[in-house]
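Student: I should like to learn how the features of a protein model are read, beginning with burial and ending with charged pairs. May we take them in turn?

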Amino acid sequence: MGSLSKQDQVECRDKAEYANVNWDELGFSLTKTDYMYVMNFNPDQAKFSQGTITPFANIQLCPSSGILNYAQGLFEGLKAYRKEDEEILLFRPEENALRMKTGADRMCMPSPTVEQFVDAVQKTVLANKRWVPPHGRGSLYIRPLLMGTGPNLGVKPASEYTFLVYASPVGSYNNGELNLLVEDKVHRATPGGTGGIKAVTNYSPVYKSLTQAKAKGFSDVLFLDALTGSNIEEGSACNIFILKGNVISTPTADGTILPGITRKSIMELASGFGYQVEERAIPIEEVFEAEEVFCTGTAMVVKSVASITYGGKRIEYKTGADTLAEKLHATLTGIQTGLNEDKLGWTMAIH
């Protein structure tokens, strides 16, 4: 699509229909939109049926459903962005689809095909397109869910499954400084567990550590590995990177760390900038020697870490306009919002 003149872009914006939302006050919380997408697994045919767009509403579940009793469920998170000319872009949705398939295999669940997943996301966004914020004023966060909904009293996989996609406009995930507290008593994941997939079971166990850290004035917690208690892993909902010289290091996603899609994208961009990018075990002591530390995730995108506190020791890091994190953030969001040319084929336009 050729670029539009400023006058044409203004006319496009005038014609676009928007929901009655104060876009400048959006945080990261649920704003109910108009529609959601629902698709059920047919056990007789061993495949998912044709999905449908339905008004956003509460859903009914059997009290003995697999998701409620045994947490047999996965979720994904991705965003839709509006370009200056009002076109809507998705960012690497096929990566989310593949990650859900990996998680479903681990959780003994059938999963939508990549095509079904992407189609469901596209239809959900189009049905709720008036909720996609104007360019530069937020994004539409999309949450696909895969749940065991069939009744189960015994411990076994459910016989019925539901794939559901809903969406909400969001602004910034964290507006303030990112100050991390290292958690050395509670572990987010263990080898052989589910830390490497986006299982619903991975999140509520960190609430206690996160709540206690926030009560002390911290933004988030940084977890250590369960095996040695000496290597960093990730935050409550984000991956972490450290910079020293020309080397960027991030913990290896070997089963206890979620292979984030933003993480993967940032590694590719940083390599393109000429940095040496390493995936490896990172002892906590190395973090204190880093020149810069930053976190990545769908919600926060890329954000500099201002400080890390461990064992009463607080180390502060460089933040602001001259950081690598800021350069990576500008580059990535430029691609996501159509300001930068997408030479890597990461975005998908939907109409």
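Student: What percentage of the residues of the protein count as buried?

Tutor: Burial is judged by relative accessible area, with under 20% as the cut-off. In this predicted model, 51% of the 351 residues count as buried. The protein exposes about 16200 Å², and carbon and sulfur atoms supply 50% of that area.

Student: Which secondary structure elements does the protein have, and how many of each?

Tutor: The chain forms eight helices and 19 strands.

Student: How does the radius of gyration of the protein relate to that of a compact globule?

Tutor: The value is set against what a compact globule with 351 residues would have, near 20 Å. The protein has 21 Å, so the two agree. As for its extent, the C-alpha trace spans about 65 × 55 × 35 Å along the principal axes.

Student: What share of the contacts joins residues 24 or more positions apart?

Tutor: Among contacts with a separation of 6 or more, 70% are between residues at least 24 positions apart.

Student: Let us turn to charge. Where do the mean positions of the positive and negative charges lie relative to one another?

Tutor: The protein has 34 positive and 40 negative charges, and their mean positions are 3 Å apart.

Student: How many salt bridges does a search of the whole structure find?

Tutor: Side chains of opposite charge can pair when their charged atoms come close. Here the search finds 17 salt bridges. One of them joins Lys83 to Asp85, with the closest N and O atoms 4.0 Å apart; both of these residues are buried.

Student: Which residues are linked with Arg92 in a network of salt bridges?

Tutor: The network links Arg92 with Glu95, Lys264 and Glu268. Within it, Arg92 pairs with Glu95 at 3.7 Å between the closest N and O atoms, and both residues are buried. Glu95 also forms a salt bridge with Lys264, where the corresponding separation is 3.2 Å.

Student: Why does the pair of Glu95 and Lys264 tie together parts that are apart in sequence?

Tutor: Glu95 lies in helix H3 (residues 93–106) and Lys264 in helix H6 (residues 261–272), so the salt bridge ties together parts that are 169 residues apart in sequence.

Student: Are Glu95 and Lys264 buried or exposed?

Tutor: Glu95 has a relative accessible area of 17% and is therefore buried. Lys264, at 34% relative accessibility, counts as partly exposed.

Note on methods:
Residues are numbered from 1 along each chain as its sequence is written. This is a predicted model: local features need pLDDT of at least 70, side-chain atom pairs count only at pLDDT 80 or more; totals for chains, interfaces and linings use all residues. Side-chain values use heavy atoms; hydrogens and water are left out. Helices (H or I, at least four residues) and strands (E, at least two) are DSSP runs, numbered from the N terminus. The radius of gyration is taken over C-alpha atoms; the globule rule is 2.2 Å times the number of residues to the power 0.38. Buried means under 20% relative accessible area, exposed over 50%, partly exposed in between (1.4 Å probe, protein chains only). Contact means heavy atoms within 4.5 Å. Accessible areas come from the Shrake-Rupley method with a 1.4 Å probe; for residues, only the protein chains shown count as cover. Lys and Arg count as positive and Asp and Glu as negative; His and the chain ends are not counted. The place of a charge is taken as NZ of Lys, CZ of Arg, CG of Asp or CD of Glu. A salt bridge is a side-chain nitrogen of Lys or Arg within 4 Å of a carboxyl oxygen of Asp or Glu.
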